[in-house]
Amino acid sequence: MDPRPRHRRVLFAAAAAVVAAAGAVALAPTAEAATTLGASAAEQGRYFGTAVAAYKLSDSTYSGILNREFNSVTPENEMKWDATEPTQGSFSYGSADQIVARAKSIGAKVRGHALAWHQQQPGWAQNMSGTALRNAMLNHVTQVATHYKGQIDSWDVVNEAFADGSSGARRDSNLQRTGNDWIEAAFRAARAADPAAKLCYNDYNTDGQNAKSNAVFAMVQDFKARGVPIDCVGFQSHFNAQSPLPSDYQANLQRFANLGVDVQITELDIEGSGTAQANAYGSAVRACLAVTRCNGITVWGIRDSDSWRASGTPLLFDNSGNKKAAYTAALDALNGGSTPPPSTATPPPNTSTPPPSTTTPPPAGDGCTATVALNQWTGGFVATVKVTAGAARINGWTAGLALSSGSSVTNSWNAQASGSSGAVSFTNVAYNGGVNAGASTEFGFQGTGTGPSTATCASR
Ligand code: XIL
């Protein structure tokens, strides 16, 4: 189903290294942590959504998980052009309306997907071209956005309009052949029909920095400069061994956010199983949380068996609806960063600079010392800090670190952070303040810019 050209093989080792570093800390979530994905995301001012198929709403296992866990839904196929306008000028909203009604009843947002796309067009549109197709597309956008006016949080106005590979070109399609301005025309029509909905451009293979995402970036920059209405960019984030979570995922989300648009992870699924899959989910969630304008994450289905690529078991619930390790990792990440247990598998080759040694002996006197293991990549880092008690037990600690100018802390785990730039400090939380003589505990934080390599420690 998804034999798309992939271009990120070289980034795998770096991505895995980030995952490995982040996985080095394992502690239970705090007592007050939210217990569902949606509730936890809401505490962070975000949503956690899923793709939904209308015909599965009558499945009680499916519906039970949907109602319990998610606070946003995306119709998986029901709002696409072939579903909503099967015959030109004659609209059919039944299945999509069912999903919107369910969303309302559970207090979930709706992501509209997708108004204009080269795939899943009705036959009549596939056979059109030129002005007739342009007008049919604009009428479609206007009619559908008007039908759902006021009910959609974010619309994928245009989906997958750029070519894969190094060209940075638009994808050839019947829509593209109506003229290069088809995308902005679609966005203007959507804004006129539903001024309250956020309007997104959505694509795949744009999750890291590459020729394709650079081309989308240039389009968004141009739209902002010329006043073409665009509010958000969706990153589909379909990951597998050939196309892993890129090491610069967060940096890429951040550079788009810096253009003045929201960013959303719109179709997340990560093929795999066990700890590796769990770690990747944790990393993806943390990347979003670290970007202020990343306002939501949607996974592309509920159970593995619901997935469009079920054989890759890429989702958070197994075929029976049980929570997988990936679920726990995603929830833990949402709950402030406690990370899944370290992998017992052989770590993948690490191409990043090795962290400084953390094996300094405990200090002879009282008090504590702190050492930093730094995983640095272009534009960002994860620092794992080890706090070691001296000759006597300590009952609390504060580690101090100096961030270089322009660098800042974006999130932390297993410690309470104070300050996000310049001199920052981290104090123990309830469960890790007490450290026996010579023993250690670890906390971590993630940031943009360059991470510090040393830390001071004060004990209580
Ligand atoms: C997929 C659906 O999950 C399948 O049920 C359908 O057969 C094909 O489309 N990118 C997108 C989604 O934007 O709409 C696609 O959804 C997956 C890839």
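The following exercises, each with a worked solution, concern the ligand site, the backbone and the helix packing of this structure.

The model is predicted: local features need pLDDT of at least 70, side-chain atom pairs count only at pLDDT 80 or more, and totals for chains, interfaces and linings use all residues. Residues are numbered from 1 along each chain as its sequence is written, and side-chain values use heavy atoms, with hydrogens and water left out.

**Exercise 1. Describe the residues around the ligand.**

Step 1. A residue is counted as near the ligand if one of its heavy atoms lies within 4 Å of it. There are 14 residues around the ligand, and Glu76, Lys80, His113, Glu267 and Trp300 come nearest.

Step 2. The shell is then sorted by residue type: three are nonpolar, six polar and five charged. Here Ala, Val, Leu, Ile, Met, Phe, Trp, Tyr, Cys and Pro count as nonpolar, Asp, Glu, Lys and Arg as charged, and the others, Gly among them, as polar.

**Exercise 2. Find polar side-chain atoms close to ligand oxygen atoms, and state how much of the ligand is covered.**

Step 1. A polar contact is a pair of N or O atoms within 3.5 Å. A polar side-chain atom of histidine 113 lies 2.6 Å from a ligand oxygen.

Step 2. For asparagine 159, a side-chain N or O atom is 2.9 Å from an oxygen atom of the ligand. The side chain of tryptophan 300 also has an N or O atom 2.9 Å from a ligand oxygen.

Step 3. On its own the ligand has 410 Å² of accessible area, of which the protein covers 84%. Accessible areas come from the Shrake-Rupley method with a 1.4 Å probe.

**Exercise 3. Locate two backbone features.**

Step 1. The peptide bond from histidine 113 to alanine 114 is cis, with omega near -5°. Alanine 114 belongs to strand E3 (residues 109-117); strands are DSSP runs of at least two residues, and helices of at least four.

Step 2. Asparagine 205, a residue other than glycine, has a positive phi near 60°. Its place is in the loop between strand E5 (198-203) and H9.

**Exercise 4. Classify the packing of two helix pairs.**

Step 1. The axes, lines fitted to C-alpha atoms over the stretch in contact, of H9 (residues 211-226) and H10 (residues 249-257) come within 10 Å and cross at roughly 15°. H9 and H10 are therefore roughly parallel, the term for angles under 35 degrees.

Step 2. H11 (residues 274-289) and H12 (residues 325-334) pack at about 25°, with axes 8 Å apart. H11 and H12 are therefore also roughly parallel.

Key:
Polar contact = N/O pair within 3.5 Å; in protein donor to acceptor, adjacent residues only side chain to side chain. Axes fitted to C-alpha atoms, helices over the stretch in contact; angles between N-to-C directions. Parallel < 35°, antiparallel > 145°, perpendicular 65-115°, else oblique.
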